Amino acid sequence: MQGEGLPSGSQALDDHEPTAGEPADEEAPGQRNEALLRALADLDNLRKRYEREVARERAAERALVASEWLAILDNLERALAHADDDDPVVQGLRAVRDQAVDLLARLGYPRYDTAGEPFDPARHEAVSAVESDAPPGTVVAVVRPGYGTAESTLRPASVVVSRASG
């Protein structure tokens, strides 16, 4: 049953007046396409932003876990420095230490101990300065190795730097 005052089927479609938020029929396809393209662009930007955020979070977690292993690796190296090289247990511990260093490199944090190179405050932490035959500002000894790359340093190397004689 049709209610009074309501137009019949085809007449209802033909006599439809656009409301305040609805475009007129002659403008509708262009505006709808524009709105659809805008929505697709917004969705693509959201996807890209999400991918960047996930990558950033993964890198932060990887750095956190890797940095926790550094204390263990440092203690292992201190123990190996005072061990007898002929002992098979010591040789096994060296192999474990090498695996740990290799793992950090695969995670994006290769080991570096850069004696003989110029001091770089982004990669080195000066713990001492000594008079040396090397040019001033040169790393003459590595106290504790660093891990990472120029873009992503997990820990700077603790180094002794040469200073000018004087």
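**Two sheets, a long stretch of helix and its salt bridges**

Let me begin with helix α2, residues 28–81, which lies across β1, β4 and β5 and runs at about 40 degrees to β5. Before going further, I should say that what we are looking at is a predicted model, and that everything I describe this morning is to be taken in that sense.

The strands that α2 lies across, β1, β4 and β5, belong to an open sheet of three strands, ordered β1-β4-β5 and paired in the antiparallel sense. At the edges of that sheet we find β1, residues 111–112, and β5, residues 153–155, each of which pairs on one side only. Strand β4, which covers residues 146–148, is joined to β5 by two bridges in the antiparallel sense, and if you look along that pairing you will see Y147 standing opposite R155 of β5.

Staying with β5 for a moment, I would like to draw your attention to L154, which is found in that strand. Is L154 buried or exposed? The relative accessibility of L154 is 17%, and because the limit for a buried residue is under 20%, L154 counts as buried. As for what surrounds this side of the strand, L154 touches A63, A66, S67, L70, L104, Y109, Y147 and G148, leaving aside residues up to four places away in sequence. One of these partners, L104, sits 50 residues from L154 in sequence, and the two C-alpha atoms are 9.7 Å apart in space.

The loop between β4 and β5 contains S152, which, at a relative accessible area of 31%, is partly exposed. The C-alpha atom of S152 is separated by 9.8 Å from that of A122, a residue 30 places away along the chain.

Let me turn now to the second sheet, which is again open and made of three strands, here in the order β2-β6-β3 and with mixed pairing. The edge positions are taken by β2 and β3, each pairing on one side only, and neighbouring strands of this sheet are turned against each other by 30 degrees on average, if direction is ignored. Between β2 and β6, the latter covering residues 157–163, there are seven bridges, and these two strands run parallel; within that pairing, A126 stands opposite V159 in β6. As general background, strands of a sheet pair through backbone hydrogen bonds, either parallel or antiparallel.

The next topic is charge pairing. How many salt bridges does the structure hold? There are eleven, and I will go through three of them, starting on helix α2.

The side chains of R38 and E34 meet in a salt bridge with an N to O distance of 3.3 Å. These two residues are four apart in α2, and therefore about one helical turn separates them. Both are partly exposed, R38 with a relative accessible area of 45% and E34 at 47%.

Also in α2, R47 and D44 lie three residues apart, about one turn of the helix, and their side chains meet in a salt bridge at 2.5 Å, N to O. R47 is partly exposed at 39% relative accessible area, as is D44 at 27%.

The third example takes us back to the second sheet, where E125 forms a salt bridge with R144, the closest N and O atoms being 3.7 Å apart. This pair links distant parts of the chain, since E125 is in strand β2, residues 124–131, and R144 is in strand β3, residues 139–144, the two being 19 residues apart. E125 counts as partly exposed at 37% relative accessibility, and R144 is partly exposed at 29%. Returning to the helix pair, salt bridges that share partners join D44, R47, K48 and E51 into one network.

I will finish with a surface feature. Which residues make the nonpolar surface patch of about 500 Å²? They are L36, L37, L40, L43 and L46. Among them, L43 is found in helix α2, and with a relative accessible area of 52% this residue is exposed, because the cut-off for exposed is over 50%.

To draw the helix together, then, α2 lies across the sheet strands β1, β4 and β5, and includes the salt-bridged pair R47 and D44 as well as the exposed L43.

Note on methods:
Residues numbered from 1 in each chain as written. Predicted model: local features only at pLDDT ≥ 70, side-chain atom pairs only at ≥ 80, totals over all residues. Heavy atoms only, no water. Pairing = 2+ DSSP bridges. Contact = heavy atoms within 4.5 Å. Axes fitted to C-alpha atoms, helices over the stretch in contact; angles between N-to-C directions. Patch = residues over 30% accessible without salt bridge, like charges linked within 9 Å, V, L, I, M, F, W, Y side chains within 5 Å. Areas by Shrake-Rupley, 256 points an atom, 1.4 Å probe, with all protein chains shown as cover. Salt bridge = Lys/Arg side-chain N within 4 Å of Asp/Glu carboxyl O. Buried < 20%, exposed > 50% of the residue type's maximum accessible area, 1.4 Å probe, protein only.
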